[in-house]
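Q: Hi! I'm new to this one and would love a quick tour. Can you show me the structure?

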Amino acid sequence: MEVVRKLICRQRQVFFFFFFLGLAQAGSEFRRYSVVEETEGSSFVTNLAKDLGLGQGELSRRGARVISKGNKLYLQLDQETGDLLLNEKLDREELCGQTEPCMLRFQVLLENPLEFFQAELQVIDINDHAPVFMDRDMLLKISESSPPGTKFPLKNAQDMDVGRNNIENYTISPNSYFRVLTRKRSDGRKYPELVLDKVLDREEEPELRLTLTAQDGGSPPRFGTAQVSIEVVDINDNAPEFEPPFYRVQIPEDSPIGYLIVKVSATDIDIGVNREISYSLFQASEEISKTFEINAMTGEIRLKKQLDFETTQSYEVNIEARDTGSLSGKCTVLTQVMDVNDNAPEVTMSALTRQIPENSPETMVAVFSVSDLDSEENGKISCYIQDDLPFFLKSSMENFYTLVTERPLDRETRAEYNVTITVTDLGTPRLKTEHNITVLVSDVNDNAPAFTQTSYTLSVRENNSPALHIGSVRATDRDAGANAQVTYSLLPPLDAHVPLASLVSINPDNGHLFALRSLDYEALRAFEFRVGAADRGSPALSSQALVRVLVADDNDNAPFVLYPLQNASAPCTELVPRAAEAGYLVTKVVAVDGDSGQNAWLSYQLLKATEPGLFGVWAHNGEVRTARLLSERDAAKHRLLVLVKDNGEPPLSASVTLHVLLVDGFSQPYLPVPEAEAADAAPAAPLTVYLVVALASVSSLFVFSVLVFVAVRLCRRGGAASVGRCSVPEGHFPGHLVDVSGTGTLSQSYQYEVCLKGSSGTSEFNFLKPIVTNFQGHSPGPDIEETPNFRKDFGFSIQ
């Protein structure tokens with residue numbers, strides 16, 4: 001019963017939803033529906049779409065919802081059909097108790113656009129409860145002197161139903177002395193009153209046993225019975241009387257248990273034991289019996305449990321004073337409960353959006369109502385949130401508020417907001433309630449990936465192993481989730497001649513760069529490409545960075561001897577007059593190295609000589625000079641082995657063999673047979689003949705070799721475009737001139753344009769277009785000189 005009464009009082013103070021500002025005319029009246037209690041769940045109530053004048057499917061598109069106080073939903077809405085159905089079987093007595101009519105208010109919320117409709121559902125009572133007497137056995141002691149017409153109030157029955165289904169009348173079993181009347185109290189409850197029709201005679205019939213029946217007005221009616229035992233007592237002709245018969249008291253709801261409410265007093269003019277009085281609660285309901293207690297001897301009424309103004313505002317307590325002769329008097333104590341500020345305000349959420357996309361304009365976060373069960377000033381409410389948040393409250397009628405964003409939110413600045421809704425009443429002391437809402441800002445792909453550097457410079461040593469990790473690029477994205485997942489890729493090369501797809505690859509997940517094949521410094525010293533970073537948002541955003549790869553030189557090319565040529569069919573012989581001074585320039589060994597830096601620094605060394613100490617080689621320029629004066633005892637033929645070594649680590653080297661012939665005079669027509677000829681060769685011809693033959697042979701062989709080499713190279717290129725005088729697929733290298741002075745066995749100076757192809761297969765050396773110059777003198781040794789930038793600008797690879 002206590003729960004039912006609390007529910008009744010709470011429902012009387014609930015304020016229901018209203019239509020948003022601007023729609024007040026459409027939502028100013030309640031739409032009323034009714035349903036009989038105990039109707040099965042999912043039963044049809046009405047079609048909201050038709051009632052609201054909405055088209056088919058519009059409820060679903062506008063996000064229609066049914067909400068009610070306390071978020072307890074008794075109804076469910078089929079958004080497709082617009083049917084409003086019962087969510088469960090309703091028990092009117094549980095929902096409303098004795099309140100009639102039993103109205104359940106609810107609201108229809110349309111979210112897009114925001115619109116409210118108010119409605120109420122009346123739960124119609126059915127006769128599902130029979131009257132029940134709290135006391136099934138009643139005992140009355142009636143004096144035999146009681147005159148006819150004397151009335152004796154009896155304890156009433158209780159019926160949970162209301163209206164016509166409540167108690168209609170009382171009847172009593174047939175007898176000769178009594179009849180029963182049905183009386184109505186001020187609160188509408190009916191109670192029985194026993195009326196004496198005939199004087200009692202204790203000697204004739206000292207005791208009567210009657211059956212009291214309570215009947216409700218339902219169809220069919222229900223009944224409840226109680227037994228009434230009547231004892232006829234001897235004469236005690238004065239009943240106790242209260243002065244006054246009606247008490248009115250006020251008591252604060254926070255009064256402690258045991259608090260003295262009032263002291264009632266009755267008097268009896270009889271004497272002796274017939275004037276001794278005892279007090280008791282009369283016709284007390286279960287709620288009153290639990291709330292109040294009375295001292296049977298003193299008549300003091302005290303609190304038995306804590307009061308609650310929000311549940312019950314007043315109590316009507318009936319007190320009976322009975323003497324020992326079983327005569328009694330009645331009085332009524334009306335107890336009014338005074339409200340104190342003992343209830344904090346309540347916040348009821350009707351709609352809540354916990355995630356808001358960033359960059360959105362003014363957006364609804366929550367719709368809520370505030371209420372306070374207290375009354376007067378104690379029930380007045382103010383509502384606010386923190387000042388430092390990009391949100392504000394829109395106040396509506398009847399204590400409803402909408403929490404909306406003040407401006408577009410930026411997730412990268414702040415991804416989460418904790419909004420505290422503070423509700424304070426105006427009572428004394430003031431009570432407040434705080435409701436926390438966590439609002440998450442969902443990510444929108446509004447930030448492109450950003451590289452840590454605008455350009456990257458990587459270094460890799462040539463002859464690297466394939467799939468070598470050469471470096472990494474990194475980009476970050478301020479967004480979150482898939483919008484922040486970065487994928488790396490190689491962009492089309494700026495230079496179409498760079499085969500980027502065969503040079504490097506990139507891991508799309510982490511930006512690691514790998515060399516796909518072994519790099520050759522002599523073919524490709526540096527290259528550039530662009531990398532892109534794209535996120536996985538929709539649409540995807542991207543950025544790019546420049547990567548420059550520098551190939552570091554490795555000592556992988558041995559020195560190559562340009563002069564004297566080592567692939568000639570006959571060795572080259574240098575002539576030296578016996579009259580030459582010490583330091584006489586015999587010849588000059590010319591060599592080049594395809595590497596760079598210190599890997600291309602060459603040094604020369606005389607490894608072996610026919611006569612040690614006669615000749616020397618300068619270490620830095622390869623000049624072969626006489627170390628001392630020549631004498632007649634020195635052999636005429638000398639064989640010198642010269643080693644050319646670079647400065648790499650480890651060093652690489654090449655060797656060349658020189659043949660030197662000592663003659664008495666430079667014009668002497670004598671040319672010894674080379675060592676390669678057989679020992680039993682024919683006797684030597686005159687020196688002049690041999691010299692002419694040697695010169696003709698060397699010149700013919702040289703010209704023939706050059707022509708054959710050029711023809712082979714031209715055929716091998718197969719029509720490839722030539723740049724300048726020589727070209728290579730990997731790049732263009734400038735031609736360089738090598739000057740061969742007409743010394744030694746050569747009668748005039750030559751200049752050759754030299755071009756080396758830096759391919760990964762072979763190293764080829766081309767002499768193209770000899771340029772004849774005037775004979776410069778009679779020095780017996782050739783002087784082959786490099787142009788100033790010869791080694792620096794040579795672009796070729798020798799392997």
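Q: Which strands make up the open sheet with E27 in it, and in what order?
A: Happy to help! Keep in mind that this is a predicted model. That open sheet has four strands in the order E27-E33-E32-E29, and the pairing is mixed.

Q: Which strands are at the edges there?
A: Strand E27 (355-357) and strand E29 (381-384) take the edge places. Each has a single partner strand, so one side of each has no neighbour in the sheet. From one strand to the next, the twist averages 25°.

Q: How do E27 and E33 run, parallel or antiparallel?
A: They run parallel, and three bridges join E27 to strand E33 (residues 432-442). For one pair to look at, Ile356 has Val441 in E33 as its bridge partner.

Q: Now Thr424. Where is it, and is it buried or exposed?
A: Thr424 is part of strand E32 (residues 416-425). Its relative accessibility is 10%, and since buried means under 20%, Thr424 counts as buried.

Q: What does Thr424 touch, apart from its close neighbours in sequence?
A: Leaving aside residues within four places in sequence, the contacts of Thr424 include Pro345, Lys380, Ile381, Ser382 and Tyr384. Arg430, Leu431 and Lys432 are also among them.

Q: Switching topic: what's the order of the open sheet with E1 in it?
A: That one has four strands too, in the order E1-E7-E6-E3, with mixed pairing. E1 and strand E3 (65-68) stand at the edges with a single partner strand each, so one side of each is left without a neighbour in the sheet. On average, neighbouring strands of this sheet are turned by 35° against each other, direction ignored.

Q: How many bridges join E6 to E7?
A: Nine, and the two strands run antiparallel. Leu104, for example, stands opposite Leu121 in E7.

Q: Which residues touch the most other members in the largest nonpolar core?
A: Leu121 is one of them, along with Leu59, Leu75, Leu90, Leu95 and Phe106, in a core of 27 residues. Among the elements that give two or more residues to this core are strand E1 (31-36), helix H2 (48-52), helix H4 (92-96), strand E6 (102-110) and strand E7 (115-124). E6 gives the most, with five residues.

Q: And what's in the second core?
A: The second core is separate and has 26 residues, including Phe451, Val498, Leu503 and Val531.

Q: Where does Ile235 sit, and what does it touch?
A: Ile235 is in the loop between strand E16 (223-233) and strand E17 (241-242). Not counting residues up to four places away in sequence, Ile235 touches Ser143, Glu144 and Ser145. Its C-alpha atom is separated by 8.9 Å from that of Ile142, which is 93 residues apart from it along the chain. At 49% relative accessibility, Ile235 counts as partly exposed.

Q: Where are the cis peptide bonds you can point me to?
A: One joins Ser219 and Pro220, with omega about 0°. Another joins Glu243 and Pro244, with omega about 5°. Pro220 is in the loop between strand E15 (207-216) and E16, and Pro244 is in the loop between E17 and strand E18 (246-252).

Q: Last one: what about phi at Gln283 and Ala467?
A: Neither is a glycine, yet phi is positive in both: about 50° for Gln283 and about 65° for Ala467. Gln283 counts as buried at 10% relative accessibility, whereas Ala467 is exposed, with a relative accessible area of 55%.

Note on methods:
Residues are numbered from 1 along each chain as its sequence is written. This is a predicted model: local features need pLDDT of at least 70, side-chain atom pairs count only at pLDDT 80 or more; totals for chains, interfaces and linings use all residues. Side-chain values use heavy atoms; hydrogens and water are left out. A nonpolar core is a set of buried Ala, Val, Leu, Ile, Met, Phe, Trp, Tyr and Cys residues joined through side-chain atoms within 4.5 Å. Buried means under 20% relative accessible area, exposed over 50%, partly exposed in between (1.4 Å probe, protein chains only). Contact means heavy atoms within 4.5 Å. Two strands pair if DSSP finds at least two bridges between them. Axes are lines fitted to C-alpha atoms, for helices over the stretch in contact, and angles run from 0 to 180 degrees between N-to-C directions.
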